[in-house]
Each structure stands twice: as C-alpha cells, then as structure tokens.
Amino acid sequence: MLALSRKVNESIMIGHDIEITVLEIKGEQVKLGINAPKSVPLYRKEIYVQIQEANKEAVSADASPDVLKDMF
C-alpha cells in the first residue's frame, strides 16, 4: 500500500485520468473529490463488498428452470 500525505486542495493522480483531491479535513473525517471517466465505476468499499456478497449469493442460489422462467 502506498501512503501519501496531502493537504486540503492537494491531489493525487491514478493513471492519466483519475484525480483524487482532498476537499476538507474535519477531525478524523476527510472529504475527498474524485474526477474519473464515467466508464469507471466508483463505490464506497462497504457498498462494493455488499455487491460482491449479493453476486456470490445469486450465483450459489439453486434456481430451477421454472423459477428462471417466472423471472421473464
């Protein structure tokens, strides 16, 4: 893991097209701004983990042909 120190209004670049800027620091909370192409999905990690778990459950669920047919 790369650890960087940044102050308010300072940025880091990821590749050529993703910029992360420190917008505000209040106590233990940091507000970040992210500029990235619309084609790059952005999620808070806790949401990303929920999506991954839901995908795993969907793949492992036993779905009979009748259940699948009812979905459409």
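Biologist: As what does Val8 count at 39% relative accessibility?

Modeller: This is a predicted model, in which local features need pLDDT of at least 70 and side-chain atom pairs count only at pLDDT 80 or more, while totals for chains, interfaces and linings use all residues. Residues are numbered from 1 along each chain as its sequence is written, and side-chain values use heavy atoms, with hydrogens and water left out. Because buried means under 20% relative accessible area, exposed over 50% and partly exposed in between (1.4 Å probe, protein chains only), Val8 at 39% counts as partly exposed.

Biologist: What is the area of the nonpolar surface patch that Val8 helps to make?

Modeller: Patches are made of residues with over 30% relative accessible area and no salt bridge, with like charges joined within 9 Å and nonpolar side chains (Val, Leu, Ile, Met, Phe, Trp, Tyr) within 5 Å. Accessible areas come from the Shrake-Rupley method with a 1.4 Å probe, and for residues only the protein chains shown count as cover. Val8, Ile25, Val30, Leu32, Ile34 and Leu42 make a patch of about 510 Å².

Biologist: Which element gives the largest share of the nonpolar patch?

Modeller: Helices (H or I, at least four residues) and strands (E, at least two) are DSSP runs, numbered from the N terminus. Val8 is placed in the segment before β1 (11–14), whereas the largest share, three residues, comes from β3.

Biologist: How many bridges join β2 to β3?

Modeller: Two strands pair if DSSP finds at least two bridges between them. Strand β2 (residues 18–26) and strand β3 (residues 29–35) run antiparallel, and Glu19 stands opposite Asn35 in β3. The two strands form a hairpin with two residues between them, where Gly27 in the turn has a positive phi of about 60°. The bridges joining β2 to β3 number seven.

Biologist: Which residues are joined into one network by salt bridges that share partners?

Modeller: A salt bridge is a side-chain nitrogen of Lys or Arg within 4 Å of a carboxyl oxygen of Asp or Glu, and the count by this rule is four. One of them links Arg6 with Glu10, with the closest N and O atoms 3.6 Å apart, while another brings together Glu24 and Lys31 at 3.4 Å, N to O. Glu46 and Arg44 meet in a further salt bridge at 2.8 Å, N to O. The network formed through shared partners consists of Glu24, Lys26 and Lys31.
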